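Before reading on, please look through the sequence for its cysteines and keep the 3D view open beside it.

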Amino acid sequence: MPIATSVCAASNDNREDAADIPIIDVQEYMNNGKLAKEQCRKVADSLQQHGILIVRDTRASEGDNATFLDMMERYFEQTDFTTDARPNLSYQVGVTPELIERPRNHCQRAAKLEQSNQPVTLCPPELDKKSRFFWRIGQRPEKTEFKELNADPVIPKAFPEWSVVMDMWGNKMLATLHEIAGMAAEGFGLEKDAFHKFMKNGPHLLAPTGSNFNRYGKLDTVLAGFHYDLNFLTIHGKCRFPGLYIWLKDGRKMLVRVPDGCLLVQAGKQIEYLTGGYIRAGFHEVVVTNETLKTIDRRASKNESLWRVSSTLFGHIASDCVLEPLDAFATPESKKTYPPILAGDQVLQELNHIQLGTGYTLNR
């Protein structure tokens with residue numbers, strides 16, 4: 001199995017070490033090839049050891065990703081960040097302006113890291129300089145206690161192709177996540193649908209972020225502060241600007257360079273719940289690096305967009321499903337650490353912590 005040496009560790013002195021992260025071949029699993037079981041084991045091992053996966057799925061092509069990025073660059077360049085915003089819905093559909101979301105305070109955790117592995121994010125963290133657009137992907141539940149998390153979509157008026165492009169790319173990445181969920185379950189010795197069945201009708205979000213390098217193009221500017229994702233699994237297509245750092249389970253900080261034709265998958269808080277902490281939600285931040293500055297200069301010389309757009313989808317557990325450790329992961333200790341909670345309640349509580357919520361309190 002090839003090693004994704006394009007995903008490298010990087011400290012402030014540009015020291016780099018190759019990470020032992022295998023490239024997962026989704027087609028091998030889908031075709032029930034002779035290496036399918038090995039691929040499942042690699043998915044489980046990589047999520048547990050590193051909190052990330054590098055995935056190759058030919059259904060999600062670089063051309064499709066480029067079509068999506070092209071449209072999102074045009075959107076961020078022309079939006080007023082007000083017309084398409086829905087603050088009354090905790091910004092869970094439509095656009096979120098910059099300087100709205102504030103990462104949770106993880107200063108104590110960051111302080112325990114070695115100096116070379118510490119985040120650039122200030123303590124306490126500042127408001128994120130990124131903007132975002134949330135677009136629902138997949139079927140919504142017919143009945144739910146969490147209408148706020150399953151609201152109708154916002155369609156920008158100036159983009160007649162919007163729904164087609166967003167659904168095209170979002171559904172392709174979600175299809176990859178469904179396969180990864182099955183592979184992870186089999187790799188952990190669970191039933192194939194152990195995770196997949198909880199994802200049905202989940203509030204999955206195609207969630208591109210937009211960072212304006214016309215305004216925030218200075219070295220070490222933090223665009224998205226040190227944080228973990230609150231959802232089940234997050235998947236990223238290749239971005240046109242470097243700057244995404246992740247932290248492995250052992251505390252190593254790594255600058256992500258997704259190989260051509262591949263996708264990055266990260267573990268979120270909901271899979272941490274379901275595995276009783278065996279898999280941990282991965283921490284990450286987005287920062288302007290020297291490589292970012294070189295890319296800015298190169299694109300500016302070609303009169304190309306200076307908006308950094310992430311190609312991101314958040315895969316969720318359905319809002320009305322209960323989050324708790326599953327099967328062999330349900331030990332007395334894990335059940336105490338991760339008591340049962342509806343996924344929708346978990347999401348809304350997390351949104352309050354990052355200042356996107358609307359004052360939600362748990363009344364059950």
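The paragraphs below follow the cysteines, beginning with the bonded pair.

This is a predicted model, in which local features need pLDDT of at least 70 and side-chain atom pairs count only at pLDDT 80 or more, while totals for chains, interfaces and linings use all residues. Residues are numbered from 1 along each chain as its sequence is written, and side-chain values use heavy atoms, with hydrogens and water left out.

The structure holds one disulfide, a term that stands here for a pair of cysteine sulfur atoms within 2.5 Å. The partners are C107 and C123, whose sulfur atoms lie 2.3 Å apart, and the angle of -115° about the S-S bond makes their link left-handed. Because C107 belongs to helix α4 (residues 107-111) and C123 to the loop between α4 and β5 (131-136), the bond ties together parts that are 16 residues apart in sequence; helices (H or I, at least four residues) and strands (E, at least two) are DSSP runs, numbered from the N terminus.

Accessibility is described in three classes, buried being under 20% relative accessible area, exposed over 50%, and partly exposed in between (1.4 Å probe, protein chains only). On this scale C107 is buried at 17%, whereas C123 is partly exposed at 48%.

Why does C40 form no bond with the closest cysteine sulfur? The sulfur of C40 is 18 Å from that closest one, in C262, which is too far for a bond, and C40 is itself buried, with a relative accessible area of 3%. C239 is likewise in no disulfide, the nearest cysteine sulfur, that of C262, being 16 Å away; C239 is partly exposed, with a relative accessible area of 22%.
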